[in-house]
Amino acid sequence: MADSNSPQQQPTSGAAHRLVVLDMAGTTVADGGLVEQAFERAAVHLGVEPGSADHAAKLQYVRDTMGESKISVFRHLFGTEEAARRANSAFEQAYGELVDGGLVAPLPGAREAIEELRAQGRTVVLTTGFARVTQDAILAALGWQDLVELTLCPADAGGRGRPYPDMVLAAFLRTGAVAGVREVAVAGDTAYDMLSGVRSGAGVVAGVLTGAHDRAALQAHGATHVLASVAELPALLARLDEDAAPEPGAAP
């Protein structure tokens, strides 16, 4: 259910939210912990010994930064650009192999929610912190290649992923679906998703409880609403549209 009494909730704009920017892993896609599995495979290639204190510390950082662009995570962990790119390549290969093994699935109600959002007349964009090759592998595994109007990864928005607002703003610019950023709705499962939405100026920044972070973390980073899952998003936006509509006979 939407957390309509959240102390973090802020008024949304009077305009309908006709552009919806959705995160993938943890929000619309269940990957069963594949990020951690892929990182562990990649870390071995970089000489990080499994079971060591260094391995544990790096894995914890990966958990703490769920939602961030993976190349940015690896730059922090491995120091040099060369090492970060090698780690990222190993990670993407490992994740792709796991995806090809059938270990990703839509979260319950996610596809139906996306279809309902589109039926409501909204433009839907799917975003990720992964590289394009990994995003495409996930979309292919799910049969989602034609599900939405646009998909974006950090490279599509100049290279900066979450918590920067760039992918949300790229969706705004590339679709031309709305006149202003307050007419954008963002949904995700991590604190970085919330920061990205807030920094973009989106009118709705909805956190979902199906992924990495809990209600407190989502609210602390700016969630205007907290939902049990993305399946609740169409009803929330329909209600907000109705609340914002002018009364019959009201002056324009």
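**Salt bridges, cores and cavities in a predicted model**

Arg111 and Glu115 sit four residues apart in helix H5 (residues 110-119), which is about one turn of the helix. As a general point, an α-helix has 3.6 residues a turn, so residues three or four places apart point the same way. In this model, which is predicted rather than experimental, the two side chains meet in a salt bridge, with N to O at 3.0 Å. Neither partner is shut away: Arg111 counts as partly exposed at 30% relative accessibility, and Glu115 likewise counts as partly exposed at 38%.

H5 also has its buried residues, namely Ala110, Ala113, Ile114 and Leu117. They cover an arc of only 100° around the axis, so they end up on the same side of H5. What they pack against is strand E1, strand E4 (123-127) and helix H10 (233-244). Just after H5 comes Gly121, with a positive phi of about 95°.

Back to charge pairs: the structure holds 13 salt bridges in total. One of them joins the side chains of Arg162 and Asp23, at 2.9 Å from N to O. This pair links distant parts of the chain, 139 residues apart: Asp23 belongs to strand E1 (residues 19-23), while Arg162 is in the loop between strand E5 (150-152) and helix H7 (166-175). Buried or exposed, where does Arg162 fall? Arg162 is buried, since its relative accessible area is 5% and the cut-off for buried is under 20%. Asp23 also counts as buried, again at 5% relative accessibility. The pairing goes further, as Asp23, Arg162 and Asp193 are linked in a network of salt bridges.

A further salt bridge runs between Arg63 and Glu36, whose closest N and O atoms are 3.0 Å apart. Arg63 lies in helix H2 (residues 53-64) and Glu36 in helix H1 (residues 34-45), so this bridge ties together parts that are 27 residues apart in sequence. Arg63 counts as partly exposed, at 32% relative accessibility, and Glu36 is partly exposed too, with a relative accessible area of 23%.

The network of Asp23, Arg162 and Asp193 turns up again around empty space. A search of the whole structure finds two cavities of 30 Å³ or more, and the largest cavity holds about 60 Å³ of space. Its lining takes in Asp23, Arg162 and Asp193, along with Val21, Leu22, Thr127, Met167, Val168, Val186, Ala187 and Ser196. Four elements each supply at least two lining residues: E1, H7, strand E6 and helix H8 (191-200). E1 gives the most to this lining, with three residues.

Open space is found as well. The largest pocket has about 380 Å³ of space. It is lined by 26 residues, and those closest to its centre are Ala25, Asp31, Met66, Asp189 and Ala212. Strand E2 (29-30) and H1 each give at least two residues to the lining of this pocket.

Next come the nonpolar cores. In soluble globular proteins, nonpolar side chains tend to be buried together. Here the largest nonpolar core has 54 residues, and the members that touch the most others are Leu22, Phe91, Tyr95, Trp144 and Leu233. Helix H4 (residues 81-100) gives the most to this core, with nine residues. With neighbours within four places in sequence left aside, Phe91 is in contact with Val35, Ala38, Phe39, Ala42, Lys70, Phe74 and Phe130. Apart from this core lies another, of 20 residues, including Val21, Val125, Val168 and Phe172.

Phe172 is also one of the contacts of Ala177, a residue found in the loop between H7 and strand E6 (184-188). Leaving out residues up to four places away in sequence, Ala177 touches Arg18, Leu19 and Thr123 as well as Phe172. How far apart in space are Ala177 and Arg122? They are 8.2 Å apart, C-alpha to C-alpha, with their positions 55 residues apart in sequence. Ala177 counts as partly exposed, at 28% relative accessibility.

Technical notes. Residues are numbered from 1 along each chain as its sequence is written. This is a predicted model: local features need pLDDT of at least 70, side-chain atom pairs count only at pLDDT 80 or more; totals for chains, interfaces and linings use all residues. Side-chain values use heavy atoms; hydrogens and water are left out. A salt bridge is a side-chain nitrogen of Lys or Arg within 4 Å of a carboxyl oxygen of Asp or Glu. Buried means under 20% relative accessible area, exposed over 50%, partly exposed in between (1.4 Å probe, protein chains only). A nonpolar core is a set of buried Ala, Val, Leu, Ile, Met, Phe, Trp, Tyr and Cys residues joined through side-chain atoms within 4.5 Å. Contact means heavy atoms within 4.5 Å. The arc is that of the directions from the helix axis to the C-beta atoms. On a 1 Å grid over the protein atoms alone, a cavity is a set of points where a 1.4 Å probe fits but cannot get out, and a pocket is an open set with protein on both sides within 12 Å along at least five of seven lines; lining residues have an atom within 4 Å of a point. Grid points are joined across faces, edges and corners, and a volume is the space filled by probe spheres set on the points.
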